[in-house]
Amino acid sequence: MSPVEYAKHGTVAVLTVNNPPVNAMSPGVPKGVVRGVERANGDAGVAAVVLIGAGRGFIAGADIRYFSRPWPEGEETFKDIIAAFEASPKPVVAAIHGHALGGGLETAMACHYRVIAPAARVGQPEVKLGFPPGAGGTQRLPRLAGVAAALDMIVSGAPVKAREAADLGIVDATIEGDLLEGAVAFAAARGAEAGPHRRVRDIEIALDDRGVFDAKRKEIARRSRGMRAPYACIECVEAAVDLDFDAGVERERAIFEDCVESGESKALRHVFFAERAARKIPGVGKEVEPRAIAKAGVLGAGTMGGGIAMNFANAGIPVTVVERNREAIDRGMATIERNYAATVAKGRMSREAMDARMALIAPSTDYGDLADADMIIEAVFEEMAVKKEVFAALDRVAKPDAILTSNTSYLDIDEIADTIPNRRGHVLGTHFFSPANVMRLLEVVRTRTVSDVDLVTTMEVGRGMRKLPIVAGVCHGFIGNRMLEGYFGEAALMVEEGATPARIDTVMVDYGMAMGPLAVADLAGLDVGWRKRKDAAGGRNPPAERGSHVSTRLCEMGRFGQKTGRGYYIYEEGSRRPTPDPEVDRLAAEAAADLGLEPRAFGDDEIVERCMYPLVNIGADILAEGHALRASDIDLVYINGYGYPAWRGGPMHWAGAVGLDKVHDAVRRYRDALGFGHWRPSPLLKRLAEEGGTFEDFDRENAG
C-alpha cells in the first residue's frame with residue numbers, strides 16, 4: 001500500500017500521509033505526494049489540494065536513517081515534492097496538527113497556504129542534529145516570519161505554538177474544530193479564486209538591521225562553543241538576505257551537505273538513535289506492560305527527596321513525603337515550594353499549575369502513611385546500615401506488591417534487597433541526579449531479582465517524569481559514578497605534577513565539558529572524598545597519598561569547595577565564579593616535593609587524554625560486564641548527567657571517532673608510566689582495538 005492516500009472531498013483532493021509512527025519522509029512518501037499532486041492537477045473536478053498527516057501529527061520531517069545510507073535509486077525525493085507544489089496551478093494547502101518539524105515545516109512552507117490546529121507546533125530543529133535545514137527552510141522561513149524570528153527559530157531549534165506561528169505569518173489560518181473539514185473548506189475557497197497563487201519563494205525579504213546576525217553570533221557564543229551547526233544556520237539565513245532565492249537554496253544545500261558529513265552531526269545523530277535504543281531492554285518483550293502507579297511515596301525530604309517528590313507531582317502522581325520529625329518535613333516542604341515559586345517567577349509555570357502540583361504532595365512523619373503507595377523511593381543518607389534499617393521499616397508497612405527503590409549513588413542494592421526476601425521481585429534502584437527536579441538522567445538500577453514488570457514500570461514512571469531512564473547493573477557507582485574515579489583522579493594527579501587547576505579546567509571546558517573536573521569537585525564538596533578516605537583509614541586522618549595530597553591538605557584547612565568559599569579555587573561571597581588561588585599552587589609544589597615529582601609543562605592533548613581515556617577504559621569494562629546494556633547508554637549517561645558535550649556523541653562514541661587503537665595504545669602507555677588501576681587496559685577495549693572496531697560494533701553484536 002502507498003504511504004500516501006488519495007481521496008476527494010467535493011472539489012478538493014486530500015493527500016493523507018500515513019507512514020507511522022511519525023510520518024517521516026521515508027522512500028515512497030515523496031512518490032505518493034508527487035503522484036497525488038499530478039492526479040489532482042489532471043482532474044478537472046479538483047480545484048485545490050490539501051496535504052494532511054494521519055495519526056498524531058503532520059510530517060515529522062526527513063527519515064534520519066537516510067543521512068547515512070543511500071536513497072533508493074529512481075525514487076522521488078523531497079526536492080521533487082517541493083517542485084510539484086510550486087509548479088501546481090491549483091493551490092496546495094498544508095493542514096498541520098500535532099507537529100510540523102524540520103522537513104515537515106519545509107514541506108508545509110513549499111505549499112501555497114498553511115492552516116493549523118490550535119494545539120500544533122512548528123519548528124526547524126535540525127540544528128540539534130548538527131546541520132541547518134537543507135530543503136529551503138532557511139530561505140522560506142525568513143520570508144514568512146521575518147529574519148529575526150526565523151533566525152531565533154532556526155538557530156535554537158525550538159518550536160513555536162500555533163498562535164505564535166499565526167502571529168508570525170508562518171500559517172495563514174487556525175482551524176478550530178475538525179482540522180480536515182476546516183482545511184477542505186479553506187482550500188475550496190482558495191481554489192475558487194483566480195490564480196496564480198502566491199509562492200513563498202516570491203516573497204521579498206525586508207531587513208532593516210544587518211547587525212542581527214552578529215548579535216546572534218555573540219548571543220550563542222558561550223553555549224555553542226566548539227560547535228559548527230548553529231553558526232551554519234546563521235550563514236544560511238544570511239544567504240536568504242544576500243542572494244536571490246535559487247542561489248540561496250543552493251548555498252543552503254552546500255552548507256547542509258558539509259555539516260551532515262561532520263563529526264558533530266554524526267555524533268548528534270548517534271545520540272538521537274541512542275535515546276530511542278535506550279527504551280529497549282534486551283530479553284524484555286513488548287508484551288510486558290507497566291503497572292499503574294496511582295500513588296507514590298518518598299522517604300526523606302532533603303535535597304534529593306524533595307526533588308524526587310516534585311518529579312512525581314510533575315507527572316501527576318500523588319506522593320506522600322515522610323520525614324523523621326515535623327521540623328524536617330516543614331523545612332523540606334518549604335524548599336519544594338520555593339523551587340516551584342522560582343519556576344513561576346521565571347515565567348515557566350503558572351501559579352495555578354504550581355498550586356495543583358503542591359496539592360499532590362502530602363507531608364508526613366508517619367511511615368504508616370505510605371501503606372497505600374504503589375511505589376516508594378527511599379532517599380536517605382548514603383550509608384548501608386541506614387538504608388537497610390529504612391527498608392526493614394518499609395517492609396513492615398508497604399503493600400505486598402509495592403515497588404521499593406533506593407536512590408543511592410554507589411551502594412549495592414542487591415545487598416539491600418536480600419534483607420527483605422519476601423519482597424523478591426519488587427526492589428531495585430533509582431539513581432536520580434542532583435538537582436533531582438531538574439536533571440534529566442535517571443539510572444534505573446536492575447537488581448538480580450527484580451521482575452520485568454517492575455523494571456518496565458519504573459522506566460515508564462521515569463519517562464512520565466520527563467526523565468531519560470537508563471538501565472544500569474548493580475556495581476559500585478553503577479555506570480556514571482564508577483567511571484568518574486579516573487576522571488577526577490587524573491585531574492588531581494596532574495595538579496600534583498604541576499598543572500594548575502585553572503589550566504586543567506580550561507582545557508576540559510574548551511573540549512566541551514560544562515565545567516572542568518576541579519571546579520566540579522569544589523561544587524560537589526571535597527569533604528565527600530576526604531570522609532571516604534578517613535573511613536578507609538579506620539576513622540583516622542588519611543595519609544596524603546599520590547592523587548589525594550592536595551585535596552587532603554585543603555580539607556584539613558577547612559576548604560571544602562564552594563560551600564566554604566574555598567577549595568581548589570576561591571569563591572567570593574554570593575558568587576560561584578572560581579578564582580585561581582596561589583595557595584593551591586603552593587600546596588601542589590609541596591606535594592610534588594614530598595612525592596619526588598618534577599613539575600613539568602602539560603600539553604592540551606595530554607590533559608584531555610588523561611581525563612577522558614579512563615572514562616572510556618572503565619566504560620569498556622562496564623559494558624563487557626553487562627552493567628550497561630549498550631555503549632550508547634553510557635554515552636547518554638554522561639551527556640545527561642555529567643555535562644558531557646552532546647556534539648561529541650558521548651565518551652564511547654568519541655573514542656571510536658578518535659580510534660580505539662589510539663586510545664588503547666595511550667591507555668597502555670599511561671599504565672606503564674603511572675600504574676593506577678583505571679589504566680589497566682580493558683580486555684574489550686583491547687579486542688575492539690585489534691579488530692579495528694568501535695563500541696557501536698559491540699552494540700550491534702549484542703543487540704537484543
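These legends go with close-up views of a predicted model.

**View 1. A mixed, open sheet.**
Here we have 6 strands making an open sheet, and reading across gives β1-β2-β4-β6-β8-β11, with mixed pairing. The edge seats go to β1 (4-9) and β11 (173-174); each has a single partner strand, so one side of each is left without a neighbour in the sheet. Zoom in on β2 (residues 12-17) and β4 (residues 48-53) and you'll find them running parallel, joined by 6 bridges. One bridge to look for pairs V17 with G53 of β4.

**View 2. Helix α7 against the sheet.**
Helix α7 (residues 179-191) packs on that sheet and touches β1, β2, β4, β6 (92-96), β8 (113-116) and β11. Its direction makes about 155° with that of β4.

**View 3. Two arginines over rings.**
The charged end of R190 sits over the ring of F186, 4.5 Å from the ring centre. R69 does a similar job of lying over a face, this time that of Y66, with 5.1 Å to the ring centre.

**View 4. The largest nonpolar core.**
This core runs to 94 residues, and Y568 and F695 are the ones with the most contacts inside it. Helix α24 (residues 604-625) chips in the largest share, 11 residues. What does Y568 touch, once its neighbours within four places in sequence are set aside? The contacts are A492, P501, L518, A521, D522, L526, V550, S551, L554 and V584.

**View 5. A second core.**
Separate from the largest one, a second core holds 57 residues. Among them are V4, V17, M25 and V46. V17 is worth a second glance, having already turned up as the bridge partner of G53.

**View 6. The W530–F560 ring pair.**
The structure has 14 aromatic pairs in total, and this view picks out W530 with F560. Their ring centres are 6.0 Å apart and the planes meet at 40°, so the pair counts as tilted. W530 belongs to helix α21 (residues 526-536), while F560 is in the loop between α22 (549-556) and β20 (569-570), so the pair ties together parts 30 residues apart in sequence. Buried or exposed: how does W530 come out? W530 counts as buried, at 13% relative accessibility. F560, with a relative accessible area of 21%, is partly exposed.

**View 7. A cluster of aromatics.**
Last up is a group of rings: Y511, Y613, Y644 and W654 come together as one aromatic cluster.

Conventions
Residues are numbered from 1 along each chain as its sequence is written. This is a predicted model: local features need pLDDT of at least 70, side-chain atom pairs count only at pLDDT 80 or more; totals for chains, interfaces and linings use all residues. Side-chain values use heavy atoms; hydrogens and water are left out. Rings of Phe, Tyr and Trp (its six-membered ring) pair if their centres lie within 6.5 Å; planes under 30 degrees apart count as stacked, over 60 as edge-to-face and the rest as tilted. Helices (H or I, at least four residues) and strands (E, at least two) are DSSP runs, numbered from the N terminus. Buried means under 20% relative accessible area, exposed over 50%, partly exposed in between (1.4 Å probe, protein chains only). A charge sits over a ring if NZ of Lys or CZ of Arg is within 6 Å of the ring centre and within 35 degrees of the ring normal. A nonpolar core is a set of buried Ala, Val, Leu, Ile, Met, Phe, Trp, Tyr and Cys residues joined through side-chain atoms within 4.5 Å. Contact means heavy atoms within 4.5 Å. Two strands pair if DSSP finds at least two bridges between them. Axes are lines fitted to C-alpha atoms, for helices over the stretch in contact, and angles run from 0 to 180 degrees between N-to-C directions.
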